[in-house]
Amino acid sequence: MERSSFASRKRAYILTSVIVALIGILVVRLYQLQFLEFSSFRSQAESNSIRRLSKEPLRGLIFDKNGNLIVDNNPSYTLTVTPFEFAWESLPILKRLFDVDTNVVRYRISQAGKNTFQPVKISRDLSFIQLSLLEEYRTMLPGVDYTIESRRIYNLKANLSHLLGYTKEISPWLLNNLGDYYQPGDMVGFNGIEAYYEEELRGNKGYSYLSVDSRGRVIESFGHGRSDIPARQGKDLVLTIDMDLQQHGERLLRGKRGAIVAIDPRNGEVLAFVSAPDYDLRDFSGRISLDVWNALRENPHSPMFNRCSMATYPPGSTFKMLVAIAALQEGIIDTDTRIACPGSYLLAGQEFGCHGAHGDINVVKALEHSCNVFFYKLIFKLGFTNLQKYGRIFHFGVPTGMDISNESSGIIPSEEYYDKRYGTRWNIGYLVNLGIGQGEINATPLQMAAFTASLANGGTYYRPHAVREMLDRVTGDVHAVEKGARALPLSKNALEVIQRGMYRAVHGSGTGSAARVAGVRIAGKTGTAQNPPNPDHAWFVGYAPVDDPRIALAVIVEQGGFGGVVAAPIAGSMMRRYLLGPGIPHTPEGSQNDVEQVSPVLPEPSTVSED
Amino acid sequence: MRNSITRFSPRHIDWLLILPILLLITAGLLSVYSATHNADLYIRFQKQVFWTVLGLLVLILVQFAPSRFFHYVAYPAYAGSVLLLVLVLLFGKTVAGNSGWFGIGGYGIQPAEFAKVATILALARFLADSTTSLHSFKDLAMAIGIVGLPWLLILLQPDFGTGLVYWAIFLMMIFWAGAEMVLLLTLLSPVLVAVLSIIGLWYFLVTALLVSILFYLMKRNLGVALLFLALNFSIGFGVQYTYAHLPEYQRSRVAVFFDPTEAPLGAGWNVIQSKVAIGSGGLTGRGYMQGSQTQLRFVPEQWTDFIFCVPAEEFGFLGALMIITLFTFLLLRGLRLARILEFRFSSLVAIGITAMLLFHIYVNIGMTLGIIPVIGLPLPFMSYGGSFFLTSMIAAGILLHAWMNRDTIA
């Protein structure tokens with residue numbers, strides 16, 4: 001038997017070896033799949049079997065101070081493509097029917113990655129004609145569908161564009177930086193409170209989980225819908241904005257470049273937030289036309305630029321209150337301290353001018369007449385350290401924390417700042433200019449308004465805010481927005497001195513008389529910020545009524561000229577409108593037309609920085 | 001000599017064979033349950049329980065058959081099987097492009113499966129015959145004919161995959177019967193040529209030529225060498241022609257093997273989903289009835305041909321390795337039985353059965369792992385389905401029977 005090699009030992013060994021070798025290959029392959037490629041397969045398995053469909057939540061509504069609905073939603077039809085079912089051959093039809101950019105389709109589908117069951121949004125705001133075309137050509141367009149989204153509609157008398165912001169399709173950059181919630185094509189708040197309150201407004205997407213089989217057919221709701229998450233609509237916002245005042249402010253700045261920020265000094269509520277020029281939010285409802293967008297971007301007056309909280313300007317004379325209150329609080333001066341103003345100030349051979357020779361004056365008079373020499377001298381007594389300290393408590397050089405997405409810090413320069421910027425090539429002359437709010441000192445109109453409000457209310461700094469409360473319609477909860485009140489370390493005395501100076505600046509023989517309103521006692525301060533080589537910026541900050549302030553504001557007109565001439569009447573008109581209501585046209589009583597004269601000072605860098 | 005039927009003792013049972021089988025059946029039932037417990041498929045699990053019970057009864061019946069029973073029934077069983085294969089071609093019903101089914105009530109029967117065992121028996125009987133010599137061309141042609149007849153009938157169904165098993169069985173049995181290596185190479189050459197012909201014309205032409213030259217140099221038999229050259233050429237061109245005229249689903253299965261990602265929704269889908277299922281199992285798996293690929297039916301036909309995915313996904317590498325180890329035990333035990341059994345017929349049957357199981361196990365698991373083309377062969381003892389399960393049980397019963405009677409027949 002062995003000779004015929006039947007069932008030989010050798011052949012048994014060969015067969016054993018073959019079996020073991022074959023099985024060995026299986027085990028090696030098993031190891032390869034389950035260890036080496038495990039993570040890839042595990043993630044594939046997880047994205048594979050459960051098809052997640054998102055459901056769009058309704059974006060929160062926005063009401064004005066009086067409960068009028070100003071930002072609403074309208075249904076909008078968005079073209080979608082499900083990558084799993086989509087046939088690339090139908091791309092030309094898609095392009096012809098809906099005028100879509102084929103690159104957008106490619107990009108969106110490539111972005112979908114493994115979750116090819118989730119429809120991706122291709123094009124917004126389908127017309128009813130396009131909708132019926134979709135129905136008609138549906139068989140030729142596998143995987144093409146539409147979804148109903150909400151788009152913003154605006155019911156506004158004023159523009160309010162910079163405060164509200166707008167919604168727009170999420171950018172690739174934001175998509176990478178906002179985390180997992182968003183998908184390409186989602187709408188997201190840009191700028192203003194739409195961006196700041198994005199998380200509250202947007203609500204939360206709902207998800208339904210569907211089990212699908214090998215061909216992508218839906219078998220059933222996964223786990224009988226137990227895992228489904230219903231969409232949660234966004235919270236509604238109630239603004240603090242007084243629409244009539246806002247509208248009035250926008251009218252006053254029409255044809256100008258500038259900003260008005262009005263704040264209720266009793267609580268920090270922003271009453272008006274005017275940045276001119278602005279734009280019509282209705283152009284941003286749904287799909288923004290490229291022409292409108294480009295026109296806005298290329299407009300030399302930058303209508304998209306939020307001048308209230310983004311633009312920083314040298315505050316000019318409106319900054320003198322800060323120098324004064326710091327000196328008073330530090331005990332460097334009191335009301336009896338008199339400083340001589342011979343009409344100019346000489347430092348290291350350079351002459352710093354004043355608009356008149358004011359003689360021996362105290363701080364109240366210095367504010368009333370906006371005496372430069374008084375503050376040139378005072379700033380040396382105060383020094384960098386105190387300037388920093390008091391600047392900081394009024395949120396100069398740091399954002400106010402207003403509930404708006406974009407806010408600049410402004411600058412209060414310190415010695416370190418100059419060291420860093422100029423090395424050793426700077427001198428004490430740089431400090432002189434800071435005394436009158438010139439030089440490398442920058443503040444936003446919002447910072448100036450909040451500063452003025454805290455002077456008006458007797459030393460409480462409220463975080464400016466434009467949203468009073470948030471309404472959760474699901475739970476019915478009303479959540480009041482934090483006012484962020486902070487008592488400032490200032491004596492009543494010091495504040496009263498400043499308030500007196502500001503009152504006299506309007507009602508005395510000061511520079512602010514153009515802001516006067518019949519029957520209302522107003523405190524304020526003009527400013528004329530140098531802006532070489534261009535015309536000066538016109539400032540006015542003030543509040544009213546002085547006994548019980550209900551409005552504090554800051555007005556700036558870019559390259560407007562003298563603050564007392566250009567900005568003060570606008571401020572007066574705003575205060576009259578707010579305190580007395582519409583109907584009485586504003587005629588400044590006893591306009592003096594006295595103007596601030598600021599002598600040429602050290603050359604300075606560009607004054608409007610868009611940082 | 002003991003009377004093995006009246007004085008039965010546990011010694012008569014080949015525990016080394018039956019234990020892995022029982023464990024595999026259990027694993028199979030758990031897997032089929034996991035893959036089908038969703039409402040509309042549950043009937044399959046119930047049917048599988050029925051097959052299991054029936055299979056165990058058949059196993060016992062076969063084990064306790066008279067001692068030389070299978071030697072006697074080898075040729076009649078073979079003849080009966082061939083008859084059934086003819087009948088099924090004429091009257092069978094068609095399931096998924098394959099007309100090899102008889103419907104009995106709600107159950108389907110595939111004669112091609114039972115014919116495997118009958119063919120093993122017939123070939124073993126023929127090769128065990130003392131007058132048979134593999135050096136004789138006539139006897140070799142006879143052996144080829146015994147396998148070739150049912151194979152041709154199955155090919156007509158058409159069922160390419162099941163047909164292949166016959167040749168695997170054939171090669172291993174004649175190897176065991178003492179065929180020379182060069183003969184095996186020559187006999188294997190048509191398979192090689194068939195595969196190569198799909199890849200390219202020159203590959204198979206050169207291979208066919210080389211094999212014939214080698215055969216001539218070793219055996220100095222120009223006639224046979226030329227015959228094989230002609231055979232290989234006709235097979236090569238025949239396969240190329242057949243491939244071009246194959247039913248779409250089978251051609252795509254072959255094409256997809258070369259690149260499964262080519263048609264993720266076609267035949268490649270099975271392989272991709274199967275690999276995802278297995279790969280996602282990792283070391284310890286996702287937990288019983290927790291595998292998303294299995295539970296959400298991402299692997300088509302999972303309860304039949306892709307049953308291996310279930311333990312691999314839900315019990316991970318450890319579970320899969322356990323299954324493979326059990327199969328390895330089973331195969332090595334089959335081989336061991338072929339060595340132990342002195343009755344030449346029984347020894348050849350043991351090799352034939354081992355070959356059948358090896359081919360099924362390797363092709364099935366290899367296919368789920370994506371290293372073998374998808375040629376629907378069920379996994380022994382585990383896959384859902386009655387015919388092959390019963391065939392495997394009969395085969396196992398025959399081995400048990402041979403073990404029990406190892407001393408009575410020699």
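This is a guided walk through a predicted model with two chains described here, A and B.

A few ground rules help first. Residues are numbered from 1 along each chain as its sequence is written, and chains are lettered from A and ligands numbered from 1 in the order in which they are written. In this predicted model, local features need pLDDT of at least 70 and side-chain atom pairs count only at pLDDT 80 or more, while totals for chains, interfaces and linings use all residues.

Let's begin with the overall make-up. Chain A holds 19 helices and 23 strands, and chain B has 16 helices and 3 strands. Here helices (H or I, at least four residues) and strands (E, at least two) are DSSP runs, numbered from the N terminus. Of the 611 residues in chain A, 47% are buried; in chain B, buried residues make up 51% of 410. A residue is called buried if 20 or more other C-beta atoms lie within 10 Å of its own, exposed if 12 or fewer, and partly exposed in between, with C-beta atoms placed from the backbone.

Now look at contacts: two residues are in contact if their C-beta atoms, placed from the backbone, lie within 7 Å. Among contacts in chain A between residues at least 6 apart in sequence, 74% join residues at least 24 apart. For chain B, residues 24 or more positions apart account for 67% of the contacts with a separation of 6 or more.

Next, find the open sheet of 5 strands in chain A. Its order is β12-β11-β23-β22-β21, with antiparallel pairing; two strands pair if DSSP finds at least two bridges between them. At the edges stand β12 (269-276) and β21 (523-531) of chain A, each with a single partner strand, so one side of each has no neighbour in the sheet. From one strand to the next, the twist averages 10 degrees. Angles like this run from 0 to 180 degrees between N-to-C directions, and axes are lines fitted to C-alpha atoms, for helices over the stretch in contact. Strand β11 (residues 258-264) of chain A runs antiparallel to β12(A), and 7 bridges join the two. In that pair, A:I260 stands opposite A:V274 of β12(A). Helix α10 (residues 243-252) of chain A packs on the sheet, where it touches β11 and β12 of chain A, and its direction makes about 25 degrees with that of β12(A).

Two loops that follow strands of this sheet hold cis peptide bonds. After β12, the bond from A:A276 to A:P277 is cis, with omega near -5 degrees, and A:P277 is found in the loop between β12 and α11 (290-298) of chain A. The second cis bond joins A:A544 and A:P545, with omega about -15 degrees; A:P545 lies in the loop between β22 (534-544) and β23 (551-557) of chain A.

A hairpin in chain A comes next. Strands β14 (residues 344-347) and β15 (residues 350-353) of chain A run antiparallel and are joined by 4 bridges, with A:E351 as the bridge partner of A:L346. The hairpin has 2 residues between its strands, and A:A348 takes a positive phi near 50 degrees.

Still in chain A, turn to helix α12 (residues 320-329). Because 9 of its 10 residues are buried, α12 of chain A is largely enclosed by the rest of the structure. The cover over the buried residues of α12(A) includes α14 (372-393), α18 (492-507) and the edge strand β21 of chain A. After α12(A) comes A:G331, whose phi is positive, near 75 degrees.

Finally, move to chain B. Helix α1 (residues 15-36) and helix α16 (residues 386-404) of chain B have axes that come within 10 Å and cross at roughly 160 degrees. That makes α1(B) roughly antiparallel to α16(B); angles under 35 degrees count as roughly parallel, over 145 as roughly antiparallel, 65 to 115 as roughly perpendicular and the rest as oblique. Where they touch, B:L17, B:I18 and B:I21 of α1(B) meet B:A396, B:L399 and B:L400 of α16(B). In the loop between α15 (344-368) and α16 of chain B sits B:F381, which has a positive phi of about 70 degrees although it is not a glycine. B:F381 counts as buried, with 28 C-beta neighbours inside 10 Å.
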